[in-house]
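Student: I am new to this structure and would like a close look at one part of it. Could you walk me through that part slowly?

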Amino acid sequence: MINMNQLHSKQNYKNALISFNNSTHEKRWKIFKDSHMEVSKGRCPICECLLDGQNIRPTNSSQPHTLIATIDHYRPQSTSMYPKLKYDHLNYLLMCSDCNNVYKENFFPLYSNGNRREQNVSSTACIKQEKPLIVNPIYDIPFNLFKIQFKIDENTSKKVLELSPKHQNGYLYEKAKTTITFFSLGSPKNTKNPNVENFRVLLLNKHYNAFKNILFKLNGRKLDDLVLNDQKSIYSIIMENNLNNFGFLKSILLGEYEDFT
Ligand SMILES: [Zn+2]
């Protein structure tokens with residue numbers, strides 16, 4: 001998951017906000033897409049797929065589906081949820097079309113069935129007391145919530161790079177676990193759409209392949225534990241393969257990972 005904490009302080013975002021405030025277009029949240037893409041370096045902040053138009057998933061119909069950049073309403077805009085946040089720019093989050101339209105939809109659970117305040121909510125400031133169970137990489141720090149697991153996928157036997165909760169229990173554990181399960185970023189898998197699910201396993205396998213050389217060199221250690229030559233060789237793998245735009249990278253280099261392969 002990619003840390004988006006810098007988003008609201010970026011000049012591109014501030015410029016987009018001016019255009020947004022002057023627009024009456026029904027879907028004017030799309031104005032923010034480029035500024036979110038700048039911070040995520042062209043990846044979906046949730047599943048870390050590249051949003052370059054190259055991710056094409058086969059479908060059951062004759063038309064394949066290209067994963068595209070979309071702006072999600074973090075708190076759903078549906079009339080039964082948070083309709084007053086439809087045009088609150090602090091409620092927008094970049095996602096690929098699979099994360100947004102297939103996995104998340106109008107899902108927005110709260111911790112311990114906490115009180116939802118949709119009846120009176122007119123801005124994100126009013127809902128500070130809610131405890132959402134979906135991680136928002138703009139406001140949460142993904143590194144504090146997740147660690148990395150290199151695993152063998154049970155159904156396909158493919159090697160995959162997955163997220164797992166960093167905490168053992170409590171709200172932050174539940175928040176990480178719900179996010180992982182719902183977006184299928186780790187087992188157990190959500191099987192409501194097998195076609196999407198198969199594609200997600202392939203994506204996690206692609207992430208594994210991107211990091212397998214680093215995993216091999218680290219061999220259960222963190223970067224600081226290696227001799228200088230091995231550290232240099234890891235930096236060259238990162239630079240040669242453009243891995244520095246991955247959210248996973250920090251966790252892996254700091255030793256916040258487990259290898260079950
Ligand atoms: Zn995604």
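Student: Which residues are the protein donors of the zinc ion, and how far from it do they lie?

Tutor: Happy to help. A word on the ground rules: this is a predicted model, in which local features need pLDDT of at least 70 and side-chain atom pairs count only at pLDDT 80 or more, while totals for chains, interfaces and linings use all residues. Residues are numbered from 1 along each chain as its sequence is written, and side-chain values use heavy atoms, with hydrogens and water left out.

Now the site itself. The zinc ion has C44 (SG), C47 (SG), C96 (SG) and C99 (SG) as its protein donors, at 2.3 to 2.4 Å. Donors here are N, O and S atoms within 2.8 Å of the metal (3.2 Å for Na, K and Ca); water is not among the atoms, so sites may look incomplete. The angles between the four donor atoms run from 102 to 116 degrees, which makes the arrangement tetrahedral. For four donors, that word requires all angles to lie between 85 and 135 degrees. As a yardstick, the ideal angle for four tetrahedral donors is 109.5 degrees.

Along the chain, the donor residues follow the spacing C-x2-C-x48-C-x2-C. C47 sits in the loop between α2 (33–40) and β1 (56–57), and C99 in helix α3 (residues 97–104), so this pair ties together parts that are 52 residues apart in sequence. Helices (H or I, at least four residues) and strands (E, at least two) are DSSP runs, numbered from the N terminus. Both C47 and C99 are buried; buried means under 20% relative accessible area, exposed over 50%, and partly exposed in between (1.4 Å probe, protein chains only).

Let us follow C47 a little further, into an empty space. C47 is among the residues lining the largest cavity, together with I46, L161, E162, L163, L185, L204, H207 and F248. Two elements, β6 (159–165) and α6 (194–218), give two or more residues to this lining, and β6 gives the most, with three. A cavity is a set of points, on a 1 Å grid over the protein atoms alone, where a 1.4 Å probe fits but cannot get out; lining residues have an atom within 4 Å of a point. The largest cavity holds about 30 Å³ of space, and the count comes to one cavity of 30 Å³ or more. Grid points are joined across faces, edges and corners, and the volume is the space filled by probe spheres set on the points. The lining has seven nonpolar, one polar and one charged residues. In this scheme Ala, Val, Leu, Ile, Met, Phe, Trp, Tyr, Cys and Pro count as nonpolar, Asp, Glu, Lys and Arg as charged, and the others, Gly among them, as polar.

Finally, step back along the chain to α2. Its buried residues are S35, H36, M37, V39 and S40, and their cover includes α1 (11–22), β3 (69–73) and β4 (92–96). Just after α2 comes K41, with a positive phi of about 50 degrees, in a residue other than glycine. K41 belongs to the loop between α2 and β1. With a relative accessibility of 54%, K41 counts as exposed, whereas C47 is buried.

Note on methods. Four donors count as tetrahedral if all angles lie between 85 and 135 degrees; four count as square planar and six as octahedral if opposite donors are over 155 degrees apart and all others between 65 and 115; anything else is irregular. On a 1 Å grid over the protein atoms alone, a cavity is a set of points where a 1.4 Å probe fits but cannot get out, and a pocket is an open set with protein on both sides within 12 Å along at least five of seven lines; lining residues have an atom within 4 Å of a point. Contact means heavy atoms within 4.5 Å.
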